[in-house]
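Okay, thanks for coming, everyone. I'll put the structure up and then walk you through what I found in it.

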Amino acid sequence: MRHITVMFTAVCGWPTHATCNSLRGSKNAEYTIIGVDCNPYDTAKNYVDHLYKVPRYYEAGYCDEILAICLKHGVEIVIPLISEEINVLREHGTMFGAHGIRFPWTDSDGLFGIANDKKRCQDFLEQRGMFVFPKNVMFNPDTATKDLESLGYPHKSVVLKLRDGCGGVGFKVLNNEKAIAVAKAGGREARANPYITIDQFRDIASTNPERYMIQEYMTGTEMSTLCLVDHGRTVYSPSHENYAMQYATTTYCELVDCPEATEIVTEANRLLKLNGNIGYDFKRDEDGKLKLLEINPRISATVSLAVKAGLNIVEYGVFQGLGLPFPEDIVPLYGMRLQRVYGTLYSYKGEAYGT
């Protein structure tokens, strides 16, 4: 049986153990899993074989440290689990490639970077006839009032979001009444408050205006699609309807076969020539039509749902990245549901101590 050493970055996010465990018990290969994080916790040793603290992705020495750990353990492929790390790793691709270390993407024409930027991605796809995004504009302090009105504010809520963020980082909903009401409330409402006032909106966006965009707020349900793509060709694309979310992470969802989502992701993957595990996030408008919120060119946090349903696109993504064959005819068990409630990991004197 083939042995593969894989590294996952940002490995201490709370849904991550299910992603890593997708490789455990494989009948196709044996795995050594290296985990790195800027703020690691010992309990992660329950699901990785070796755990290391590394600098944050924007700090000096990040890629050098990642490479040193890869060489120490003979890592064959590095899989980032948050979008922010992708660009810096791409910039050092030649350095890793010189040692035979791969990433789960190809980037010969630079299109991968477009997918990782919400606004560039929208412009790229719309220039090629794909009008699947909600109405949005880049934040401009000089035209902000007019732009907000064009999106229906103040009669409708408006979203402020980072063009290159993930996991809900930087996501806020501009709604004066709700922002004030939640600020006065205690308990859970105040803890997970996404609402901001118009003054807060201007303060946040003006700190780094080129990174922010404003978008119409849609009240419909959310859906995500978990893709495995082979050089622009969509191999798998199961979706899940999201029934509950917490801190921008799905906590209750159901795996479904959605032809509407599959049609969108198949064409976008083709145009962007994407490769590997790709996540798409959608939201339905008031007419129930899917609108594309973003493309995450990485493994999604809910990928374990597809794995549980019989489609291990975590492992197949590793195989695809290493140029190894994998099956392309598996039909997952649609109707499988994922529900995150409480899970507990233990450690003792710095070592894993079970679940």
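**A walk through the predicted model**

Let's start in a loop: Ala-10 sits between β1 and α1 (16–21). Before I go on, keep in mind that this is a predicted model. Now, what is the phi of Ala-10? It comes out near 50°, so to speak on the positive side, and this residue is not a glycine. Most residues other than glycine have a negative phi. Ala-10 is also buried, because its relative accessible area is 15% and the cut-off is under 20%.

There's another one of these towards the other end of the numbering. Lys-349 isn't a glycine either, and its phi is positive, about 55°. You'll find Lys-349 in the loop between β17 and β18 (351–352). Is Lys-349 buried or exposed? With 70% relative accessibility, Lys-349 counts as exposed.

While we're on backbone geometry, have a look at the step from Tyr-153 to Pro-154: that peptide bond is cis, with omega near 10°. Most peptide bonds are trans. Pro-154 belongs to the loop between α7 (144–150) and β6.

Okay, on to the inside. How many residues does the largest nonpolar core have? The count is 48, and the residues with the most contacts inside that core are Met-7, Phe-96, Leu-125, Leu-272, Tyr-280, Phe-282 and Ile-295. Apart from that core lies another, with 33 residues, including Cys-20, Ile-33, Leu-51 and Phe-326. As a general point, nonpolar side chains tend to be buried together in soluble globular proteins.

Let me pick out Leu-125. If you ignore neighbours within four places in sequence, Leu-125 is in contact with Met-130, Phe-133, Ala-268, Leu-271 and Leu-272. Leu-125 is one of the buried residues of helix α6, which covers residues 118–126. The others in that list are Lys-118, Lys-119, Cys-121, Gln-122 and Phe-124. And what do the buried residues of α6 pack against? The partners are α5 (111–115), β5 (136–138), β6 (158–162), β9 (212–216), α11 and β15 (290–296). At the N-terminal end of α6 there's a cap from Asp-117, with a side-chain oxygen 3.2 Å from the backbone nitrogen of Lys-119.

Helix α3, residues 84–91, has buried residues too: Glu-84, Glu-85, Ile-86, Val-88 and Leu-89. These pack against α2, α4 (93–97) and α5.

Right, charges. A search of the whole structure turns up 11 salt bridges. I'll show you a few of them.

Here's Glu-76 with Arg-2, where the closest N and O atoms are 3.2 Å apart. Glu-76 is in the loop between α2 (62–73) and β4 (77–79), while Arg-2 is in strand β1 (residues 2–8), so this pair ties together parts 74 residues apart in sequence. Arg-2 is partly exposed, at 37% relative accessible area.

Next, Arg-337 with Glu-254: here the closest N and O atoms are 3.0 Å apart. Again the pair links distant parts of the chain, with Arg-337 in strand β16 and Glu-254 in strand β13 (residues 249–256), 83 residues apart. The two ends sit in unlike surroundings: Arg-337 is partly exposed, with a relative accessible area of 43%, whereas Glu-254 counts as buried, at 17%.

The third one I want to show stays inside a helix. Arg-270 pairs with Glu-267, with the closest N and O atoms 2.7 Å apart. Why are these two about one helical turn apart? Because they are 3 residues apart in helix α11 (residues 259–272). Arg-270 is partly exposed, at 48% relative accessible area, and Glu-267 is partly exposed as well, at 27%. There's also a network: Asp-230, Arg-233 and Glu-328 are joined by salt bridges that share partners.

Last stop, the surface. Tyr-346, Tyr-348 and Tyr-353 make up a nonpolar patch there, and together they have about 400 Å² of accessible area. Tyr-346 falls in the loop between β16 (337–339) and β17 (347–348). At 43% relative accessibility, Tyr-346 counts as partly exposed.

That's my tour, so over to you for questions.

Key
Residues are numbered from 1 along each chain as its sequence is written. This is a predicted model: local features need pLDDT of at least 70, side-chain atom pairs count only at pLDDT 80 or more; totals for chains, interfaces and linings use all residues. Side-chain values use heavy atoms; hydrogens and water are left out. A nonpolar core is a set of buried Ala, Val, Leu, Ile, Met, Phe, Trp, Tyr and Cys residues joined through side-chain atoms within 4.5 Å. Buried means under 20% relative accessible area, exposed over 50%, partly exposed in between (1.4 Å probe, protein chains only). Contact means heavy atoms within 4.5 Å. Patches are made of residues with over 30% relative accessible area and no salt bridge: like charges are joined within 9 Å, nonpolar side chains (Val, Leu, Ile, Met, Phe, Trp, Tyr) within 5 Å. Accessible areas come from the Shrake-Rupley method with a 1.4 Å probe; for residues, only the protein chains shown count as cover. A salt bridge is a side-chain nitrogen of Lys or Arg within 4 Å of a carboxyl oxygen of Asp or Glu. Helices (H or I, at least four residues) and strands (E, at least two) are DSSP runs, numbered from the N terminus. A polar contact is a pair of N or O atoms within 3.5 Å; within protein, one must be able to donate a hydrogen and the other to accept it, and residues adjacent in sequence count only if both atoms are side-chain atoms.
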